[in-house]
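Biologist: I have a few questions about this one. Can we go through it piece by piece?

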Amino acid sequence: MPELPEVEALTDFLSEHLVGHRVARVLPVAVSVLKTYDPPVTALQGALVTDVRRHGKFLDLAADSGLHLVVHLARAGWLQWKDRLPDGPPKPGKGPLALRVALETGEGFDLTEAGTQKRLAVYVVRDPAQVPGIARLGPDPLAADFGEDRLAALLKAERRQLKGALRDQSLIAGIGNAYSDEILHAAKMSPFKLAASLTPQETRRLYEALRGTLAEAVERSRGVAAGRLKSEKKSGLRVHGRTGEPCPVCGDTIREVSFSDSSLQYCPTCQTGGKPLADRRLSRLLK
């Protein structure tokens, strides 16, 4: 799933390629992708793109007509830029193409989604706050006013484990499964540690790991073409998606805990005092 750093990079890329150009056509291919119908998606045609912004993991393309095309790429969605789009409308079918946006120059982008779970979402709204997912977003962790005291206040009443708290978009915007693993590894904290139990020293360590990990990932992705962002993200991850590999910090084997629809990765030596975490799903399978 694209998270804050990748969406920030896409925002920069699209700002460079879209702003100042007019939308010639917006062509939905998959019925499931459109989450709003008034205004219709065709209302964007002929509009001048004036700005591209990020709200958490949401992309927001603003037009001079006052309308916004808001995109959430979800788990398996992606944006593919085309210097020259194919002539003629795309044909609906079973392929990954969900929506196409064409500019007056012949350039544009495709929104695609792999797999059978169709969660890619596109909204056409007059105000981004009309999108439920944006309306409930917590603060942006890279905002100038997101200080250590703000993080401490957010976590103070959280009786959840740190992994779940960091992924909650209504608590902190933009962090998903991958970067929560990376942040907790950098902070040397167990993903199962209760958020409300952090000492002031631990809160500072988590804050520094959070800001540092995200800022480093944003900088690493800056200037990377849209088509290469996925591989760039993977190459920069230390523990997420690296089960069985040696930890780059201590050399211990990276372990995994599996859930019904996801998994987390961590280093026992760096994060849990050398003790492996219980993998309940795996334990049930072994019974």
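Modeller: One term before we start: two strands pair if DSSP finds at least two bridges between them. Strands (E, at least two residues) and helices (H or I, at least four) are DSSP runs, numbered from the N terminus. This is a predicted model, where local features need pLDDT of at least 70 and side-chain atom pairs count only at pLDDT 80 or more, while totals for chains, interfaces and linings use all residues. Residues are numbered from 1 along each chain as its sequence is written, and side-chain values use heavy atoms, with hydrogens and water left out.

Biologist: OK. In E4, what is the bridge partner of Leu61?

Modeller: Leu69. Leu61 belongs to strand E3, and E3 runs antiparallel to strand E4 (residues 68-72), with five bridges joining the two.

Biologist: What about the hairpin of E3 and E4, how many residues are between the strands?

Modeller: Four residues, and in that hairpin Gly66 has a positive phi near 90 degrees.

Biologist: And how many bridges are there between E2 and E3?

Modeller: Six, with strand E2 (residues 49-55) and E3 again pairing in the antiparallel sense. Arg54 is the residue opposite Leu59 of E3. The hairpin of E2 and E3 has two residues between the strands, and Gly56 takes a positive phi there, near 60 degrees.

Biologist: Why is E3 largely enclosed by the rest of the structure?

Modeller: Six of the six residues of E3 (residues 58-63) are buried, so the rest of the structure largely encloses the strand. Buried here is under 20% relative accessible area, exposed is over 50%, and partly exposed is in between (1.4 Å probe, protein chains only).

Biologist: Which E3 residues point one way and which the other?

Modeller: Phe58, Asp60 and Ala62 point one way, and Leu59, Leu61 and Ala63 point the other way. Both groups are buried, Asp60 included. In a regular strand, side chains alternate between the two faces of the sheet.

Biologist: New topic. What order do the strands have in the open sheet of four?

Modeller: The order is E1-E6-E7-E5, and the pairing is antiparallel. Strand E1 (23-28) and E5 are the edge strands, each pairing on one side only. Strand E6 (residues 97-103) and strand E7 (residues 108-113) pair over five bridges, with Leu97 standing opposite Thr112 in E7.

Biologist: On to backbone oddities. Which residues does a cis peptide bond join?

Modeller: Asp38 and Pro39, with omega about 5 degrees. Pro39 sits in the loop between E1 and E2.

Biologist: Which residue other than glycine has a positive phi near 55 degrees?

Modeller: Ala74 does, in the loop between E4 and E5. Ala74 is buried, at 6% relative accessible area.

Biologist: And where is Lys188?

Modeller: In the loop between H5 and H6. Lys188 is not a glycine either, yet its phi is positive, about 60 degrees. At 44% relative accessibility, Lys188 is partly exposed.

Biologist: Cysteines next. How many disulfides does the count come to?

Modeller: Zero, where a disulfide is a pair of cysteine sulfur atoms within 2.5 Å. Cys250 is in none, and the nearest cysteine sulfur to it, that of Cys267, is 3.4 Å away.

Biologist: Why no bond for Cys267?

Modeller: Its closest cysteine sulfur, in Cys250, is too far for a bond at 3.4 Å. Cys267 is buried, with 0% relative accessible area, whereas Cys250 is partly exposed at 35%.

Biologist: Last thing, pockets. How much space lies in the largest pocket?

Modeller: About 1,000 Å³. A pocket is an open set of points on a 1 Å grid over the protein atoms alone, where a 1.4 Å probe fits and protein lies on both sides within 12 Å along at least five of seven lines; lining residues have an atom within 4 Å of a point. Points are joined across faces, edges and corners, and the volume is the space filled by probe spheres set on them.

Biologist: Which lining residues are closest to its centre?

Modeller: Of the 39 that line the largest pocket, Met1, Lys57, Arg75, Arg167 and Asn177 are closest to the centre. Elements that each supply at least two lining residues include strand E5 (77-82), strand E8 (121-125) and helix H4 (162-167), as well as helices H5 (177-187) and H7 (229-236).

Biologist: And how much space lies in the second largest pocket?

Modeller: About 220 Å³. Among its 14 lining residues, Glu182, Ala186, Thr213, Glu216 and Arg238 are closest to the centre. H5 and helix H6 (200-221) each supply at least two residues of that lining, and H6 gives the largest share, seven residues.
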